[in-house]
Amino acid sequence: MLKMLSKMAMCKSHGQDSSYFIGWQEYEKNPYDPLQNPSGIIQMGLAENQLSFDLIESWLTRNQDVIQFRENGGSMFRDLALFQDYHGLQAFKNVLVSFMAEIRRKKVKFDPKNLVLTAGSTSANETLIFCLAEPGEALLIPTPYYPGFDRDLKWRTGAEIVPIQCYSSNNFRITESALEEAYEQAQKRNLTVKGVFITNPSNPLGTTMSRNELNILITFAMTKNIHIVSDEIYAGTVFDSPKFVSIIEALIDRKLEKSKMWNQVHIVSSLSKDLGLPGFRVGMIYSNNETLIAAATKMSSFGLISSQTQYLLSKILGDRRFIKRYVKQNKKQLIHRREMLASGLANSGIECLDSNAGLFCFVDMRDLLNSNTFEAEMELWKKIISNVGLNVSPGSSCHCSEPGWFRVCFANMSKETLDLAMQRINNFVNSDRDIHRQQPLRFVTGAGSRRRRTIANWVVKFSSGDGRRDR
């Protein structure tokens with residue numbers, strides 16, 4: 001029989017059956033609303049920064065000409081509506097590199113010629129992998145990592161991910177031995193390793209990498225003659241010490257500007273987290289490798305940022321006084337909200353990993369597990385969604401090496417909603433745990449048996465090996 005669809009269309013490696021995405025689906029069926037659906041599921045699995053929208057909205061109110069695409073008394077509409085090539089607006093790239101330097105404390109200077117604009121960091125990451133690896137070649141990634149990387153880095157590129165196993169005993173820090181073990185695992189699988197892919201600050205840990213870690217990583221990459229990709233989309237969310245150190249700053253500190261490694265380090269950045277604008281779809285690749293930048297620029301034609309978006313954001317980012325005020329105020333908001341979450345969980349006897357960045361905490365719920373297994377983690381996650389009414393991301397969806405950790409977001413909701421979430425988790429923890437473990441699956445909406453079967457069947461599938469850390 002003739003196959004009507006391609007292998008890509010039939011491919012099941014997208015990762016959509018991860019608990020990370022399943023949790024979103026359950027939330028969308030029953031979203032919390034303080035008036036319309038007060039018993040609904042609160043979304044704590046979405047790493048969005050909604051804390052400083054008022055600052056941007058007030059800027060837009062004061063700058064009506066920008067919204068109306070007017071400049072010097074004339075309309076910019078025609079210019080912005082007509083065709084733009086894939087290099088992007090130069091004015092936008094100029095203020096972007098200035099902003100990138102600003103949030104890195106001006107320790108690094110960026111050249112706009114080395115910048116490629118993409119429709120979000122998802123596109124940037126995939127484009128980089130297309131440039132670095134052939135199908136079947138591998139990248140080493142520290143665990144735990146963002147669940148979407150299984151889609152972004154593998155699905156269409158055909159690349160493989162080999163985990164660098166990190167553990168809570170040293171707060172999930174990268175070690176030389178962990179790097180070597182991952183490299184050896186790749187060799188055993190007959191995979192050619194093309195690079196190490198890191199997120200700094202980390203998603204889901206909410207921590208910045210130390211200079212020691214970065215130096216271990218650079219030395220390892222130089223020894224193996226491989227690339228380093230540093231996803232730094234959370235660089236502007238660092239709200240506490242230690243300060244953020246970019247991978248390029250670490251190279252400069254070691255005076256490696258003229259080394260081969262200078263052309264083998266690449267940065268992914270975005271405005272989704274730093275400015276809280278994921279819907280604007282602004283991502284970027286930065287590299288000193290001219291050949292890679294030329295190829296990535298051509299590839300970017302498949303996912304461009306609209307000229308209107310570039311124009312608007314060039315005006316916002318070009319207001320240096322406003323941006324400095326925004327960055328300062330945003331950090332204060334993040335500190336306060338992180339403390340609200342951590343103290344609320346502490347009242348329930350639950351601890352968070354020490355963190356200094358990001359829009360989430362990595363929460364230790366190992367004491368709430370039936371047993372030290374990923375099956376027990378799935379059972380707890382099921383109860384948190386269905387009985388407690390919170391969508392959080394289990395550590396196994398992030399390929400965490402240990403069961404019982406959960407990523408919990410705090411910046412995508414009001415203070416009142418966060419308070420309610422803490423009340424719900426407190427009530428859950430303080431109730432008889434044995435009773436909770438024995439309770440049949442139920443949903444706070446009472447929406448019927450069909451939905452119960454959906455998640456129950458999925459949990460059985462996941463527990464049988466689909467989602468456990470066995471790669």
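1. Let's start with the charged pairs. Searching the whole structure turns up 17 salt bridges. Keep in mind as you read that this is a predicted model. A few of those pairs are worth a look one by one, and then come two helix contacts.

2. Take Glu102 and Arg320, whose side chains meet in a salt bridge at 3.8 Å, N to O. Glu102 sits in helix α6 and Arg320 in helix α14 (residues 320-346), so this pair ties together parts that lie 218 residues apart in sequence. As for surface, Arg320 has 38% relative accessibility and therefore counts as partly exposed.

3. Now find Arg156, in the loop between α8 and β6. Its salt-bridge partner is Glu126, with the closest N and O atoms 2.5 Å apart. Here too distant parts of the chain are linked: Arg156 belongs to the loop between α8 (149-152) and β6 (160-164), while Glu126 is in helix α7 (residues 121-132), 30 residues away. Are the two partners buried or exposed? Arg156 is at 46% relative accessibility, so it counts as partly exposed. Glu126, at 11%, is under the 20% cut-off and therefore counts as buried.

4. Stay with Arg156 a moment longer. Which residues does Arg156 touch, leaving out those up to four places away in sequence? They are Met8, Glu126 and Phe130. There is also a long jump along the chain to notice here: Arg156 and Cys11 are 145 residues apart in sequence, yet their C-alpha atoms are 9.3 Å apart in space.

5. Next comes Arg211, which forms a salt bridge with Asp253; the closest N and O atoms are 2.3 Å apart. The pair connects helix α10 (residues 211-224), home of Arg211, with helix α11 (residues 247-253), home of Asp253, across 42 residues of sequence. Arg211 counts as partly exposed at 39% relative accessibility, and Asp253 counts as partly exposed at 42%. These two also belong to a network of salt bridges that links Arg105, Arg211, Glu249 and Asp253.

6. On to helix packing, beginning with α6 (residues 90-102) and α13 (residues 307-318). Their axes come within 9 Å and cross at roughly 40°. Why call that oblique? Angles under 35 degrees count as roughly parallel and 65 to 115 as roughly perpendicular, and the crossing of roughly 40° fits neither, so α6 and α13 are oblique to each other. The crossing is left-handed.

7. Which residues make that contact? From α6 come Ala91, Phe92, Val95, Leu96 and Phe99, and from α13 Gln310, Leu313, Ser314, Leu317 and Gly318. Sorted by class, the contact holds seven nonpolar residues, three polar ones and no charged ones. Helix α6 is also where Glu102 of point 2 is found.

8. The other helix pair is α14, the helix that carries Arg320, together with α16 (residues 415-430). The axes of α14 and α16 come within 9 Å and cross at roughly 15°. That angle makes α14 roughly parallel to α16, and the crossing is right-handed. On the α14 side the contact is made by His336, Arg337, Met340, Leu341, Gly344 and Leu345, and on the α16 side by Lys415, Leu418, Asp419, Met422 and Ile425. By class, that comes to six nonpolar, two polar and three charged residues.

Methods
Residues numbered from 1 in each chain as written. Predicted model: local features only at pLDDT ≥ 70, side-chain atom pairs only at ≥ 80, totals over all residues. Heavy atoms only, no water. Axes fitted to C-alpha atoms, helices over the stretch in contact; angles between N-to-C directions. Helix = DSSP H or I, 4+ residues; strand = E, 2+ residues; numbered from the N terminus. Parallel < 35°, antiparallel > 145°, perpendicular 65-115°, else oblique. Left-handed = near helix turned anticlockwise from the far one by under 90°. Contact = heavy atoms within 4.5 Å. Nonpolar A, V, L, I, M, F, W, Y, C, P; charged D, E, K, R; others polar. Salt bridge = Lys/Arg side-chain N within 4 Å of Asp/Glu carboxyl O. Buried < 20%, exposed > 50% of the residue type's maximum accessible area, 1.4 Å probe, protein only.
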